[in-house]
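This report concerns the sheet of the structure shown below, the helices that pack on it, and the nonpolar cores.

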Amino acid sequence: MTKTRIGILGYGNLGRGVELSCRQNDDLELVALFTRRDPASVKPLTEGVSVYSADDLAAHADDVDVLILCGGSARDLPEQTPAYAGLFNVVDSFDTHANIPAHFANVDAAAKEGGKVAVISAGWDPGMFSLARLYANCILPEGADYTFWGRGVSQGHSDAIRRIEGVADARQYTVPVPAALESVRAGQNPQLTTREKHTRECFVVAEEGADLAAIEKAIVEMPNYFADYDTTVTFISQEELDRDHAGIPHGGSVIRSGLTGENSEHRHVVEFSLKLDSNPEFTGSVLTACARAAHRLSREGQTGCKTMFDIAPAYLSSKSGEELRAEML
């Protein structure tokens, strides 16, 4: 079996999740980590994996079949993915939904120029949830879509709280409103506002002597993060945060409620849901499956940018077509 040689750029929570996924797939081999930190300070979990400076990426283009980019969507991926898509087959988890079309265009141009394959926005939303929405819309063209996230830790929102003056540490949970979720699952097709779908729970460690009222006000009135939601703020100690909120769980549901029949008299509800103990480890597992697909597409001579919409499901699997038809069809 010829293994797909994987490189990882960025060794935070997501990079470690990719590394752990590689260890579970016999057809994938992690061969290199690239970091903006001092390479000597990075200790991979996998024995024998070389660690290089991100500045040296171009020198290793022939050593890696697929480079998985594990940076953030706000600042890293918009620059990194187009920059490296001309040198490597790449996969990223770009998740700023509104900016996906522009990101796709930038990456597509670079990948086609370099003769490479790039898969963007691979994860669970966008990614797995996107596929669930697409399949359900194809089957039930008359209907409504709903997406609920959580209960889970939002890393971006948690970081936004930590940037407030007087905050030492924080975790923020996105929580679906039970009544809204029940109404959608019952096929009632409610019209829901942002506030009616989710609440936000914030657990905050304040610095000694900080103005708690000012911190709470800054959180609940923060535009684009909390202002449109019913938000609760609970101040706790660092010990409580470390003990009770150390994990990075997440999940959610994509629901399509649709109608069929001569007079639209029959109602159907399609639901795809995830409950994740570790958001980065699950996302890392999606990225490695897409890396397998990217390598296969590249060997077939394809180039340019792809999303999970463009990848045949069989290309994500390590199993042969014969095995898939016998075991999963």
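The sheet is described first, followed by the helices and the cores.

In this predicted model, 7 strands make up an open sheet with parallel pairing, ordered β3-β2-β1-β4-β5-β6-β14. The edges are held by β3 (50-53) and β14 (304-306); each has a single partner strand, so one side of each is left without a neighbour in the sheet. From one strand to the next, the twist averages 25 degrees. Strand β6 (residues 117-119) runs parallel to β14 and is joined to β14 by 3 bridges. V119 has K306 as its bridge partner in β14.

Two helices that lie on the sheet are listed here.

| Helix | Strands contacted or crossed | Angle |
|---|---|---|
| α2 (residues 77-84) | β1 (4-9), β4 (66-69), β5 (89-91) | about 175 degrees with β4 |
| α3 (residues 100-114) | β6, β14 | about 140 degrees to β14 |

In α2, the buried residues are L77, Q80, T81, P82 and Y84. These buried residues of α2 pack against β1, β4, β5 and also α3.

The largest nonpolar core has 29 residues, of which I6, L33, I68, V91, V119 and A122 touch the most other members. Two or more residues each are given to this core by β1, α1 (13-24), β2 (28-35), β4, β6 and α10 (279-299). The largest share, 7 residues, comes from α10. Leaving aside residues up to four places away in sequence, V119 touches V90, V91, D92, C290, A294, K306 and I311. A second, separate core of 21 residues includes A32, L77, A85 and I100.

How values were computed: Residues numbered from 1 in each chain as written. Predicted model: local features only at pLDDT ≥ 70, side-chain atom pairs only at ≥ 80, totals over all residues. Heavy atoms only, no water. Pairing = 2+ DSSP bridges. Helix = DSSP H or I, 4+ residues; strand = E, 2+ residues; numbered from the N terminus. Axes fitted to C-alpha atoms, helices over the stretch in contact; angles between N-to-C directions. Contact = heavy atoms within 4.5 Å. Buried < 20%, exposed > 50% of the residue type's maximum accessible area, 1.4 Å probe, protein only. Core = buried A, V, L, I, M, F, W, Y, C linked by side-chain atoms within 4.5 Å.
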